[in-house]
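Biologist: I'd like to learn how to read a model like this one. Could you walk me through a few features?

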Amino acid sequence: MYRCPPQESEGFSKRKAFEVLSPYLLIGGSIAICHRQAFKANIMSTAVLGTIQLAVSQLSPKIVAAPPLMFPKDFDPKEIAFGEADWERFGVDVGKAPPIPEKMAEILKAPCPFNPRKQVGDTHMLVLIPKTITLGGEEKPFTLNLLQELIKNPAIENPATNLQIRHQAVKKELAETPIENSYWILMTKDVIPDSRNKTYDVQKQLVQEKGAEGYELPRAIEAAASILMHYFKTDEHLYVKDPWTFTRCQETVTEDQWPVAIGGFSRGGLGVSIAHWHVLYFCGVAAVRKFF
């Protein structure tokens, strides 16, 4: 039998192996090329992404930290509000009160100017501030003293609280200050972000800078009434003792003109006192928007 010489047989085996393996070698080479190109593309895309991120980081913090609300929810102003019917639970008549503003549903749906990741309806209370209250057949101007008397009324379903006017200067200079007109307010449920540990002047400026549509610091009667009425409607304490939280208000008292501060709310009551102008860790500021 004829047999191929060893060299010829070896050459045949190499050629056969090459023919069998060549498609795989081509595929492997293509994959290697693709991997190199992908690696280069990945480097380029990473560089581009890094450049974009650097550029975005140089933009205003408001743009970076305040993404638009993708799925805003609706709020019913009548369900949220503490209005005439709620005041009547105290056995009082608040007289002719202005209706809830027609645009209130849209306002509650909008992003909160102080916390754009939430909506106004999540971060604010809607409360009717009456000019007068008729109690026991007698019409009286709405004041801090009257509010203190009112929340002790036996007609209240949950009277386990108190309004504690702790400083004589507040009692003397402010407790009988009346309300000029009945109106609605939106007040933040907490001091606005980054308002603690600031001086009074800086806090007032902060409300003006972050707020919109005429936000301002609350008056003492507005803050006290809103916090207490929210509690009676929801059983939720705001401006509490843990963490210790007060809002400074518009009014100032004493010869040194120290701002009134309201907070430290617990089962024992809501405190009304005064605070220095300088930095205090427990003093921030609420923000209110009024609707006449």
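Biologist: Which residue follows α10, and what is its phi like?

Modeller: Keep in mind that this is a predicted model. Right after α10 comes aspartate 235, and its phi is positive, near 65 degrees.

Biologist: And how far apart should the ends of α10 be?

Modeller: Count 1.5 Å a residue: helix α10 has 15 residues, 220–234, so it should span 21 Å. Its end C-alpha atoms are 21 Å apart, which agrees.

Biologist: How many residues of α10 are buried?

Modeller: Buried means under 20% relative accessible area. In α10, 13 of the 15 residues pass that test, so the helix is largely enclosed by the rest of the structure.

Biologist: Let's try a loop. Where is glutamine 119, and is it buried or exposed?

Modeller: You'll find glutamine 119 in the loop between α5 (104–109) and α6 (120–123). Its relative accessibility is 5%, so glutamine 119 counts as buried.

Biologist: What does the side chain of glutamine 119 reach?

Modeller: The backbone oxygen of lysine 73, at 2.8 Å.

Biologist: How do you look for empty space?

Modeller: Rolling a probe the size of a water molecule over the atoms shows where space is left empty. Searching the whole structure this way turns up one cavity of 30 Å³ or more. The largest cavity holds about 50 Å³ of space.

Biologist: Which residues line the largest cavity?

Modeller: Leu144, Leu174, Thr177, Arg219, Ala220, Ile221 and Glu251. Sorted by class, that lining has four nonpolar, one polar and two charged residues.

Notes
Residues are numbered from 1 along each chain as its sequence is written. This is a predicted model: local features need pLDDT of at least 70, side-chain atom pairs count only at pLDDT 80 or more; totals for chains, interfaces and linings use all residues. Side-chain values use heavy atoms; hydrogens and water are left out. Helices (H or I, at least four residues) and strands (E, at least two) are DSSP runs, numbered from the N terminus. The expected span of a helix is 1.5 Å times one less than its number of residues. Buried means under 20% relative accessible area, exposed over 50%, partly exposed in between (1.4 Å probe, protein chains only). A polar contact is a pair of N or O atoms within 3.5 Å; within protein, one must be able to donate a hydrogen and the other to accept it, and residues adjacent in sequence count only if both atoms are side-chain atoms. On a 1 Å grid over the protein atoms alone, a cavity is a set of points where a 1.4 Å probe fits but cannot get out, and a pocket is an open set with protein on both sides within 12 Å along at least five of seven lines; lining residues have an atom within 4 Å of a point. Grid points are joined across faces, edges and corners, and a volume is the space filled by probe spheres set on the points. Ala, Val, Leu, Ile, Met, Phe, Trp, Tyr, Cys and Pro count as nonpolar, Asp, Glu, Lys and Arg as charged, and the others, Gly among them, as polar.
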